[in-house]
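The exercises that follow concern aromatic ring pairs and the burial of their residues. Please work through each task before reading its solution.

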Amino acid sequence: MHELIGDITLSILFAWLLGLAAHFFRQPLILAYLIGGFVIGPFGLGWVKSENSISVISELGLIFMLFMIGLEIDLKKIIRAGPVILVAAGGQIAGGVLLGLAFFVGIGLSLGGGHFDVLYLTVACALSSTVIIVKVLYEKRELDTLPGRITLGILVLQDIFAILFLAVQPSLADLQISVLLLSIARVVALVATALALSRYVLPWLFHRIARTPELVLLGALAWCFLIGEIAERLHLSREMGALVAGVSLSTFPYALDVTAKVTTLRDFFITLFFVALGMTIPIPNGSVIGLALAIAVFTLASRLLTTFLPLYLMKQGLRASLLPALNLAQISEFSLVVIQTGVAAGHIGTQTASAASFAFVLLAVLSTFVIMRSDPITRRAIGTLTKFGFRDLGQQQSGAEAAAEAGHGAVHRIVILGFFRAASALVSEIEQHTPELLKQISVIDFNPMVYRTLTERGMHVIYGDISNVDTLLHAGVAKAEIIILSVPDSLLKGATNERLVRHVRALNPNAQIVATADLLADVDAMYQAGADYVTVTRLAGARELYEVIEAADNGLLSDKRAALDARLAERREVLP
C-alpha cells in the first residue's frame with residue numbers, strides 16, 4: 001500500500017514537471033505524461049517497478065477516462081448531424097478500416113490464431129484525438145466554422161465506432177456468430193438497463209441531492225462503478241461499463257453539472273493512466289521504430305484519402321474538404337485505450353503496442369504543428385490539387401452556369417468580402433426591409449454552405465479566398481461602389497481587416513470601404529489604410545444591453561423580450 005502511494009506521488013510530480021515544459025513549448029499534455037511515465041518507469045530510471053502499482057493506476061485511469069468520454073458523447077447531436085457529417089464519418093471509418101486491414105496485412109503483421117495485431121492497429125488508426133483537436137481548434141476559434149463542425153461530428157461518430165469494437169473485443173478469440181450475437185445481446189441489455197435507469201430513476205435521485213455537491217459527485221462515481229461491475233458480471237469489461245455509464249448519464253438533465261464536478265477527478269486519473277502507459281513503453285529497437293513510422297505514415301495518408309475524398313465528392317470545396325483531413329491526422333488517446341485492452345486480453349503483442357504509442361507521440365507533435373498552420377498549408381495544397389485536375393466549387397460549373405453566374409469581373413455595386421454571422425444578419429435585415437437591394441450585392445466567401453444557400457436564394461456569390469489578392473482582382477472588386485468587410489480579425493484566415501482595406505483600396509481607389517474592428521485601437525489604423533467607415537460591433541451590443549437594463553428597471557423586460565422574439569421569428573438567416 002505504501003509503495004502504491006509513493007508510486008502515485010512520483011507519477012503526479014513528474015507529470016506536473018513535464019506538463020509545465022509541454023505547456024511552454026505548446027505541446028499536448030498527454031505527450032508530457034507519456035514521457036514522464038517512461039522516465040520513472042522500469043525502462044527509464046526504474047523508480048517505479050511494481051507491476052501491481054502500474055496495473056492498478058492504469059485501470060483506474062482507464063475507467064475514469066472512458067466514463068468522461070461517455071459523458072461528452074451527445075446523442076442528440078449525432079441524431080441531428082447532417083448528411084454531410086454522417087457520410088464523411090462513415091467514409092472515413094469504413095475506408096480507414098479497409099485500408100488498414102490491407103496495409104497491415106501487407107507489411108506482415110498477424111491476424112488470426114489468437115493474434116489480432118492487424119485488427120487493433122486498424123481500429124486505432126481509424127480514430128483521431130479529441131483532446132488535441134478540440135484544444136487547438138478552440139485556441140484558433142475554429143470550432144464553430146464549417147470544417148470545425150465537420151471535424152467534431154466525425155470525432156463523435158469515431159467514438160461510437162470504438163464503443164462497438166469494445167463491445168465485441170472480449171469475444172475476438174472465439175468470434176463465432178453465436179458468440180458474437182451473445183456479446184451484442186449482453187451489450188444491448190447493459191445499455192438498455194443503463195438508459196432506463198438514467199431516464200426514470202437517476203433524475204429523481206439527483207433532483208433530491210442537487211444542492212449537495214458532494215453527493216452529486218459521489219452519486220456519479222457510484223453509477224460509473226456500478227455499471228462497470230454489471231458489465232464485468234456480463235463478461236464484458238469494467239471499461240466498457242464505464243463508457244456506457246457515461247453515455248447514459250449524458251442524456252439526463254444533470255449531465256452538465258455531473259460533468260463539471262467529475263472533471264477534476266477525471267483529470268487526476270487520466271493523468272495517472274497516461275503516466276502508467278508511459279511506464280510500459282520499453283526503449284524501442286529498430287523494428288518498433290520502423291513499425292511506428294509505418295503506422296504514422298499510414299495514418300496521414302489514410303486520413304487524406306478517407307476524409308478529403310468523401311467531402312470533395314459531396315461538393316464541399318477544396319478548403320472545407322482538406323481542413324478536416326488535416327485536423328484528424330493523428331491517433332486518438334482512445335486508440336491507446338483500445339490497444340491497452342488488447343494487451344490485457346493477450347490479443348496483441350507488446351512490441352506492436354509500443355509502436356502504436358510511439359506513433360501516437362510522433363503524430364501528436366506533428367498534428368499540433370499542422371493544425372496551428374493549417375491555413376497556409378491548405379492554400380498551398382489547393383494550388384497543387386488544382387494542377388492535378390481537382391476543381392473547386394467556383395470552378396465546378398458548366399460553361400452555361402458559369403456564364404449565368406458571370407463570376408469573373410461581374411461583381412455588383414455592393415460587395416461583401418467574407419460571410420459570417422454579421423453578414424448573415426445584414427442580409428436578413430435587407431431581405432426584410434429592402435429586398436430589391438439584394439440584387440445589387442455580391443458575396444465573396446469560401447464556405448460551401450454559404451455559396452449554395454445564397455445561390456439558391458438568387459444572390460450573386462463568388463467562391464474564393466478573400467485573403468488572396470488575385471481572388472479580389474479576378475472577381476472584379478475594382479468595379480464595386482461599396483465594399484463591406486464584416487468579418488472581425490479574430491475569424492479571418494490569412495489576413496486582417498487593415499491588410500484587406502489596403503489591398504482593396506489599391507485595387508479600387510474610388511469605392512466606399514466599410515471595415516470591422518475588434519479593438520478600439522485598430523480603428524485609426526484602418527482609417528489610415530483607406531477605410532471610409534469602421535464598425536465596432538461591441539458598441540451595438542453594449543447599446544442593446546443598456547436598453548435591456550433600462551427595460552428591466554422599468555418592469556418592461558418581458559415586453560422587450562416579446563419584441564425581440566417577434567423580430568427573430570421574422571428572420572431567415574443563412575448562418576443561424
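A residue is called buried when its relative accessible area is under 20%, exposed when this area is over 50%, and partly exposed in between. The model examined here is a predicted one, and it holds nine aromatic pairs.

**Exercise 1.** Classify the geometry of the ring pair F103 and F298, and state which helices the two residues belong to.

*Solution.* Begin with the cut-off, by which planes under 30 degrees apart count as stacked. The ring centres of F103 and F298 lie 5.0 Å apart with 15° between the planes, and the pair is therefore stacked. Next, locate the residues: F103 sits in helix α5 (residues 83-106) and F298 in helix α14 (residues 286-313), so that the pair links distant parts of the chain, 195 residues apart. Finally, ring pairs join F103 and F298 with F104 in a cluster.

**Exercise 2.** Decide whether F103 is buried or partly exposed, and do likewise for F298.

*Solution.* F103, with a relative accessible area of 28%, is partly exposed, whereas F298, at 8%, is buried.

**Exercise 3.** Describe the pair formed by Y312 and F390, first by its geometry, then by its place in the chain, and lastly by the burial of each residue.

*Solution.* The ring centres are 5.2 Å apart and the planes stand at 70°, so the pair of Y312 and F390 is edge-to-face. Y312 belongs to helix α14, while F390 lies in the loop between α18 (374-387) and α19 (399-405), so the pair ties together parts that are 78 residues apart in sequence. Y312 has a relative accessible area of 13% and is therefore buried, while F390, at 24%, is partly exposed.

Key
Residues numbered from 1 in each chain as written. Predicted model: local features only at pLDDT ≥ 70, side-chain atom pairs only at ≥ 80, totals over all residues. Heavy atoms only, no water. Phe/Tyr/Trp six-rings, centres within 6.5 Å; stacked < 30°, edge-to-face > 60°. Helix = DSSP H or I, 4+ residues; strand = E, 2+ residues; numbered from the N terminus. Buried < 20%, exposed > 50% of the residue type's maximum accessible area, 1.4 Å probe, protein only.
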